[in-house]
Amino acid sequence: MEDIKGAGFDFVVFTYSENDHEYYEGTFDKIVKVAQGVGLEVYLDPWGVGGVFGGEAYSYLVMKNVHERQVSSTGKILPALCFNSTELRTYIQKWIQSAQKIGADGIFWDEPHFYHVDKGWACCCQICREEFRNRMGFEMPRQLTAEVRQFRIEMLLDFITYITKTSKEAGLKTMLCLMPGEDIDWDKVGRMTWVDVISTDPYWLWARGDYREYVMFWAKRIYKIAEKFNKEPLIWVQGFKVKKDEIDRIHETVKIANAVGIENFAVWSYKATKYMSSIACEDPDTTWQAILDAFKSLSSDR
Ligand SMILES: [Zn+2]
């Protein structure tokens, strides 16, 4: 924590998975205090919770509530709970209470999303089909029609409203990250007065075409929404799976987003993810140094 603070960071995000919540609450209580003790603001991340957030963590909640899983348009049962699952929402409430109890400053709502399927889309479960019928007055089509798209956006917005409002009401700062390209109504997200920070993570790993244009596009979008609705914008920088010949992209990403007006940055993750072999950078030490240098260049530019 001293190393992170010493490098100039103001806050830290801890992954707080279902497993952590169940078995390591007391341990996290200590970790959070250590971080706050050196002057870092602490956000907890519902890593992989219910299979609906970002994160390399499995969900036991999905296994315990198999009847509320998401279903794809081709009828495939998916390893994630439906946004309309009451079990998921009840669990999240408990998870937030735990975060509050152990004294986190805020919650980082990490990429809430429908399960990504190769064929078709989610969610076509019984609850969603019933909800669709109630709202639209006809059966839910299996094609991604305009009505279905609209419905999916509404379901995701409804879930985001639930999680962010509940954490804000618990007195926690609320930071939201939505993946670039997520089918969403950004203006409606902007109108959520209880969301303090909005962010996205335009990792070049996901860019089709030139990554610079990709970063510019998403940085502009986040900046504009934040400005319009008086929020703090933040951009995540890729610090995992970075190849040796991509290291210079870090500084470039920070430079592009900063030129657009973004002043808050975060990186996934500490030490260029050296400790997590499946997504570690090719040369973590050099990459981490490049991250620190890129972030430091921001404060020296001002
Ligand atoms: Zn559903």
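Visitor: Which residues are exposed on the other side of helix 3?

Guide: This is a predicted model, and in it Lys30 and Gly37 are the exposed ones there.

Visitor: The other side from what? Which residues of helix 3 are buried?

Guide: Start with the general idea: with 3.6 residues to each turn of an α-helix, residues three or four places apart point the same way. Here, Phe28, Val32 and Ala35 are the buried residues of helix 3. Their arc around the axis is only 60°, so they sit on the same side of helix 3.

Visitor: What covers those buried residues?

Guide: The cover includes strand 1, strand 2 and helix 2, residues 18-23.

Visitor: How many residues does helix 3 have, and what comes just after?

Guide: Helix 3 takes in residues 25-37, 13 in number, and spans 18 Å from first C-alpha to last, close to the 18 Å expected. Just after helix 3 comes Gly39, with a positive phi of about 95°.

Visitor: Now the sheet. What is the order of the strands?

Guide: Follow 1-2-5-6-7-8-9: these 7 strands form an open sheet with parallel pairing. Strand 1 (11-15) and strand 9 (264-268) each have a single partner strand, so they are the edges, with one side of each lacking a neighbour in the sheet. From one strand to the next, the twist averages 25°.

Visitor: Which residue stands opposite Ser199 in strand 7?

Guide: That is Cys177. Strands 6 (173-177) and 7 (197-200) pair in the parallel sense over 3 bridges.

Visitor: Which strands does helix 9 lie across?

Guide: Helix 9, residues 211-228, lies across strands 7 and 8, at about 160° to strand 8. Helix 5, residues 86-101, lies across strands 2 and 5, running at about 140° to strand 5.

Notes
Residues are numbered from 1 along each chain as its sequence is written. This is a predicted model: local features need pLDDT of at least 70, side-chain atom pairs count only at pLDDT 80 or more; totals for chains, interfaces and linings use all residues. Side-chain values use heavy atoms; hydrogens and water are left out. Two strands pair if DSSP finds at least two bridges between them. Helices (H or I, at least four residues) and strands (E, at least two) are DSSP runs, numbered from the N terminus. Axes are lines fitted to C-alpha atoms, for helices over the stretch in contact, and angles run from 0 to 180 degrees between N-to-C directions. Contact means heavy atoms within 4.5 Å. The expected span of a helix is 1.5 Å times one less than its number of residues. Buried means under 20% relative accessible area, exposed over 50%, partly exposed in between (1.4 Å probe, protein chains only). The arc is that of the directions from the helix axis to the C-beta atoms.
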